[in-house]
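Good morning, and thank you for coming. I should like to take you through a few local features of one protein.

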Amino acid sequence: KQWYQRRVAITAGGNKEGLSLPKVYFVNWFRKQDGKFIWPGFGENCRVLEWIFNRAKGADTAVETPIGVLPKPGAINTEGLGPLDMKSLFDINKSDWEAEYDAVQKYFNEQLPQDLPPAIQQELNSLRSRLSDM
């Protein structure tokens, strides 16, 4: 609720201090294909962080998707890593995301029935709508 209130204050036209919201990214380091991790591991995570930092500075390195922005092909430095299936790494599985939506909605219903800010529910509903359009 605090970050939502902060967003309202910043975007309501009263942002005279040049404040901005924090950048939030979701990373699944543990995605697997054929029983093996797709991403090479902990020592290479700095490559993804580099992409995040560049994105936060305004670099045009992302593409819009129903679940948010993902790296454009070639935007993550993979030099020296050997063969990586980047397509599978960033694949959006509709049924997986629908299950994620259902789990989050269940949590909200059970844990935050009266305390959930309407804007958070609206964002979740928006995700559901974008998923249904896939």
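I shall begin with a helix and then turn to two single residues.

This is a predicted model, in which local features need pLDDT of at least 70, side-chain atom pairs count only at pLDDT 80 or more, and totals for chains, interfaces and linings use all residues. Residues are numbered from 1 along each chain as its sequence is written, and side-chain values use heavy atoms, with hydrogens and water left out.

Helices are DSSP runs of H or I with at least four residues, strands are runs of E with at least two, and both are numbered from the N terminus. Helix α4 comprises the 18 residues 94-111. The expected span is 1.5 Å times one less than the number of residues, which gives 26 Å for α4, in agreement with the 25 Å between its end C-alpha atoms.

Which residues of α4 are buried, that is, under 20% relative accessible area with a 1.4 Å probe and protein chains only? They are Tyr101, Gln105 and Phe108. These residues lie on the same side of α4, because they cover an arc of only 60° around the axis, taken from the directions from the helix axis to the C-beta atoms. An α-helix has 3.6 residues a turn, so residues three or four places apart point the same way. Their cover includes α5 (118-132).

Next, Ser88, which is found in helix α3, residues 86-89. Its side chain makes a polar contact (a pair of N or O atoms within 3.5 Å, one able to donate a hydrogen and the other to accept it; residues adjacent in sequence count only if both atoms are side-chain atoms) with the side chain of Gln33, at 3.0 Å.

Finally, Glu44 lies in the loop between β2 (36-37) and α2 (45-56). Leaving aside residues up to four places away in sequence, Glu44 touches Trp39 and Leu81, contact meaning heavy atoms within 4.5 Å.

Methods. Buried < 20%, exposed > 50% of the residue type's maximum accessible area, 1.4 Å probe, protein only.
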